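Me: I would like to go through this structure by question and answer, starting with its enclosed space and then moving to the core and to single residues. Please reason briefly before each answer.

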Amino acid sequence: MAVSLVAAFVGIANYRIHRELRIFLYYSFFSLITDLTEYMRYAGGMDKPFPMLVQAWTSVLFMVFEFLVFSYFILSNVKDIRRRRAIKALSGIFLICFVMGIVLRRQGFANYWEFYFWESIFLTIPCLIYFYELFTSGPEGSLKALPAFWVITGILMLNCSSIPLYLTLAYMGKYLFIAYNLIYLLYASFFFMVIRANRATG
């Protein structure tokens, strides 16, 4: 929560400098709201229905917003038409599968982390497409001066590292809190990359 708050302040400070990063300011605020619902659930009782429902719905809505933000940002930094179409197709497939999952699942959001697992897979592929284009065509100038390089590196790190965690959450048992803390650390590392992107001068 602290890192996302810092990222929000950095985003406000650089609002007029990096226009392409403005969307991550809103992303930071949504992340803060999601964290607050998590704390509300702990304060109101882990097993009480209403705090659980609020926290689950907020997390799922955040995931959808996150997927759209990340996909749009990656797409806006890929130039090749065929690669852009591939990213759009992946985004469409994920959203269709998400809606079908919401409609067909019977246990509500009891295992909403499953959505995050599939989101991570469908975001990793566009990141790889971006880096393939970046390194085959050659970057324009220094990589350190490209805000998109830092952000998409953060997106790739976040999602690649999350896949094994989400895949094994159901088997963690009493160590589940460790997995959650690792996921929070991954999000913290992503926000650090966003902060670094705001410092880029290119």
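Reply: On a 1 Å grid over the protein atoms alone, a cavity is a set of points where a 1.4 Å probe fits but cannot get out, and a volume is the space filled by probe spheres set on the points. The model discussed here is predicted.

Me: What is the volume of the largest cavity?

Reply: The structure holds one cavity of 30 Å³ or more. With the volume taken as the space filled by probe spheres, the value for the largest cavity is about 30 Å³.

Me: Which helix supplies the largest share of the lining of the largest cavity?

Reply: The lining consists of Glu66, Tyr116, Glu119, Ser120, Leu158, Asn159, Ser162, Tyr166 and Tyr187. Both α5 and α6 supply at least two residues of that lining. The largest share, four residues, comes from α6.

Me: How many residues of the lining of the largest cavity are nonpolar, polar and charged?

Reply: Among the lining residues are Leu158, Ser162 and Glu119, and for the division Leu and Tyr count as nonpolar, while Glu counts as charged. The lining residues of the largest cavity then divide into four nonpolar, three polar and two charged.

Me: Is Glu119, one of these lining residues, buried or exposed?

Reply: Glu119 is found in helix α5, and, leaving aside residues up to four places away in sequence, it touches Met63, Glu66, Phe67, Phe94 and Asn159. Buried means under 20% relative accessible area. Because its relative accessibility is 1%, Glu119 counts as buried.

Me: What pattern does the protein chain follow when read along the sequence?

Reply: The protein chain has seven helices and zero strands. Read along the sequence, the pattern is therefore a run of helices, written as α-α-α-α-α-α-α.

Me: Which helix gives the most to the largest nonpolar core?

Reply: That core has 49 residues, and those with the most contacts inside it are Phe24, Phe70, Tyr130 and Phe190. At least two of its residues come from each of α2 (23–44), α3 (49–76), α4 (81–104), α5 (113–137), α6 (147–168) and α7 (176–199). With 11 residues, the helix that gives the most to this core is α5.

Me: Which residues does Phe190 touch, not counting residues up to four places away in sequence?

Reply: Phe190 is one of the residues with the most contacts inside the largest nonpolar core, and contact here means heavy atoms within 4.5 Å. Once residues up to four places away in sequence are set aside, the residues that Phe190 touches are Phe24, Tyr27, Phe70, Val151, Gly154, Ile155 and Leu158.

Me: How is Leu134 separated from Val78 in space, C-alpha to C-alpha?

Reply: Leu134 lies in helix α5 and is buried, with a relative accessible area of 9%. Not counting residues up to four places away in sequence, Leu134 touches Pro139, Leu143, Leu146 and Phe149. Although Leu134 and Val78 are 56 residues apart along the chain, their C-alpha atoms are separated by 8.4 Å.

Me: Is Trp118 buried, partly exposed or exposed?

Reply: Trp118 is found in helix α5, and its C-alpha atom is 9.8 Å from that of Asn159, a residue 41 places away in sequence. Buried means under 20% relative accessible area and exposed over 50%, with partly exposed in between. Because its relative accessibility is 47%, Trp118 counts as partly exposed.

Me: Is Ala170 buried or exposed?

Reply: Ala170 lies in the loop between α6 and α7, and its C-alpha atom is separated by 9.5 Å from that of Trp113, which is 57 residues away along the chain. Since exposed means over 50% relative accessible area, a value of 69% makes Ala170 exposed.

Me: What percentage of the residues of the protein chain count as buried?

Reply: The accessible surface of the protein chain comes to about 11,200 Å², of which 70% belongs to carbon and sulfur atoms. Of the 202 residues of the chain, the share that count as buried is 46%.

Note on methods
Residues are numbered from 1 along each chain as its sequence is written. This is a predicted model: local features need pLDDT of at least 70, side-chain atom pairs count only at pLDDT 80 or more; totals for chains, interfaces and linings use all residues. Side-chain values use heavy atoms; hydrogens and water are left out. A nonpolar core is a set of buried Ala, Val, Leu, Ile, Met, Phe, Trp, Tyr and Cys residues joined through side-chain atoms within 4.5 Å. Buried means under 20% relative accessible area, exposed over 50%, partly exposed in between (1.4 Å probe, protein chains only). On a 1 Å grid over the protein atoms alone, a cavity is a set of points where a 1.4 Å probe fits but cannot get out, and a pocket is an open set with protein on both sides within 12 Å along at least five of seven lines; lining residues have an atom within 4 Å of a point. Accessible areas come from the Shrake-Rupley method with a 1.4 Å probe; for residues, only the protein chains shown count as cover.
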